[in-house]
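Visitor: I'd like a close look at a single part of this model. Could you pick up one strand and follow it outwards for me?

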Amino acid sequence: MGKRRYVIIMAAGSGTRMGGPLPKQFIEIRGKAILQHTIETFLQACPGISVVTVLNSDYIEYWRSYCLRRNFTCPQMIVSGGFTRFHSVRNALDKIPEGAVVAVHDGVRPLVSSGLVREMFEKAETVPALIPVVPCVDTLKVLQKDGEKLETVEGAVADRSMLYAAQTPQIFHSDTIKAAYSLAYDTMFTDDASVVQKYGKSLSYTIGERLNIKITTQEDLLLAEAVMSLRIKG
Ligand code: C5P
């Protein structure tokens, strides 16, 4: 039998770049909060998975009453977020026992497919850290800012064939990620993989999904709406 499965859904950000009154994870797409879409994908992929939802303490009551109103009754352990994403993950890891497999996923990535989640959990049984990445298709420039002006950095070349964008869910053996998060905070920690790597553990990679975007701007919201409509029709 496989290890017990957990997902930590990160939703404690303020999401101010979207501009509206509500943080973006609570905006509705096709009549349902982005956060609910995201949690439902994990429940569909892995029935019986334990869900830990990390929220800004100002929005815990809001989310509880939203779920009640919508009859969204999935059991969730709700945890208060921290100052940065790193501190939010660290708070949530207190709820995760040793000997389990745990996915950490951004609440604002509702388009990840349940197929990818299922496949990743299966692969993650045998490796301590599994990270989804997509190859970079754009030509990247290494530039520096002089005030508002962008300038060439002589000799700095980004070799596209070696560049990949990291996504979530990132899946870990709980012993590995819990130990890694005992490290002191570093501003270079932009995802969980960077914490685990700094701790000295090797990472395994799998190809992610181009549509698994982190909803950040109004354009992302339009794209997510379009994709969800097509998936429902398809
Ligand atoms: O800020 P960024 O876009 O990198 O946030 C990625 C995810 O981490 C979002 O889902 C956000 O809600 C979450 N987050 C968090 N606690 C913070 C900051 C961000 O849970 N303090």
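In what sense do strand β6 and β11 pair, and over how many bridges?

Guide: Keep in mind that this is a predicted model. Strand β6, residues 101–106, pairs with β11 in the antiparallel sense, and 4 bridges hold the pairing. One spot to look at is Ala103, whose bridge partner in β11 is Ile171. Now turn to the other neighbour: strand β7 (residues 129–135) also runs antiparallel to β11, joined to it by 2 bridges. Ile171 turns up again there, as the bridge partner of Leu130. So much for the pairing; the side chains come next. β11 covers residues 170–173, and both of its faces are covered. Gln170 and Phe172 are buried on one side, while Ile171 and His173 are buried on the other.

Step back along the chain from there and you reach Pro169, in the loop between β10 (164–166) and β11. Have a look at the backbone here: the peptide bond from Thr168 to Pro169 is cis, with omega near 10 degrees. Most peptide bonds are trans, and most residues other than glycine have a negative phi. On the phi side, two residues are worth a glance. Arg30, not a glycine, has a positive phi of about 50 degrees, and its place is in the loop between β2 (28–29) and β3 (32–33). Asn71 likewise has a positive phi, near 60 degrees, and is found in the loop between α2 and β5 (76–80). Arg30 counts as partly exposed because its relative accessibility is 47%, whereas Asn71 counts as exposed because its value is 61%.

Back to Pro169, which also leads inwards: Pro169 is among the contacts of Phe42. Leaving aside neighbours within four places in sequence, Phe42 also touches Val7, Ile9, Ile49, Ala103, His105, Val112, Val117 and Phe121. There's our Ala103 from the β6 pairing again. Phe42 itself is one of the residues with the most contacts inside the largest nonpolar core, a set of 31 residues, along with Leu35, Ile39, Leu55, Trp63 and Phe121. At least two residues of this core come from each of β1 (5–11), α1 (34–45), β4 (50–55), α2 (60–69), β6 and α4 (114–123). A second, separate core has 27 residues, including Val52, Ala100, Val133 and Ala193.

While you're on α1, follow it to the second largest pocket, where α1 gives the most to the lining, with 4 residues. That pocket has a volume of about 300 Å³. Of its 14 lining residues, the closest to the centre are His37, Thr41, Pro110, Met228 and Arg231. Two or more lining residues come from α1 and also from α7 (218–233). By character, the lining divides into 5 nonpolar, 5 polar and 4 charged residues.

To finish, try a contrast in burial. Ser88 lies in helix α3, residues 85–93, and counts as buried because its relative accessible area is 3%. Beyond its neighbours within four places in sequence, Ser88 is in contact with Met10, Ala12, Val54, Gly81 and Gly82. Val137, in the loop between β7 and β8 (143–146), counts as exposed because its relative accessibility is 51%, and the cut-off is over 50%. With neighbours within four places set aside, Val137 is in contact with Arg160 and Arg210. From Val137 to Tyr6 is 32 Å, C-alpha to C-alpha, and the two are 131 residues apart in sequence.

Terms used. Residues numbered from 1 in each chain as written. Predicted model: local features only at pLDDT ≥ 70, side-chain atom pairs only at ≥ 80, totals over all residues. Heavy atoms only, no water. Buried < 20%, exposed > 50% of the residue type's maximum accessible area, 1.4 Å probe, protein only. Pairing = 2+ DSSP bridges. Core = buried A, V, L, I, M, F, W, Y, C linked by side-chain atoms within 4.5 Å. Contact = heavy atoms within 4.5 Å. 1 Å grid on protein atoms, 1.4 Å probe; cavity = no way out; pocket = protein on both sides within 12 Å on 5 of 7 lines; lining within 4 Å. Points joined across faces, edges and corners; volume = space filled by probe spheres on them. Nonpolar A, V, L, I, M, F, W, Y, C, P; charged D, E, K, R; others polar.
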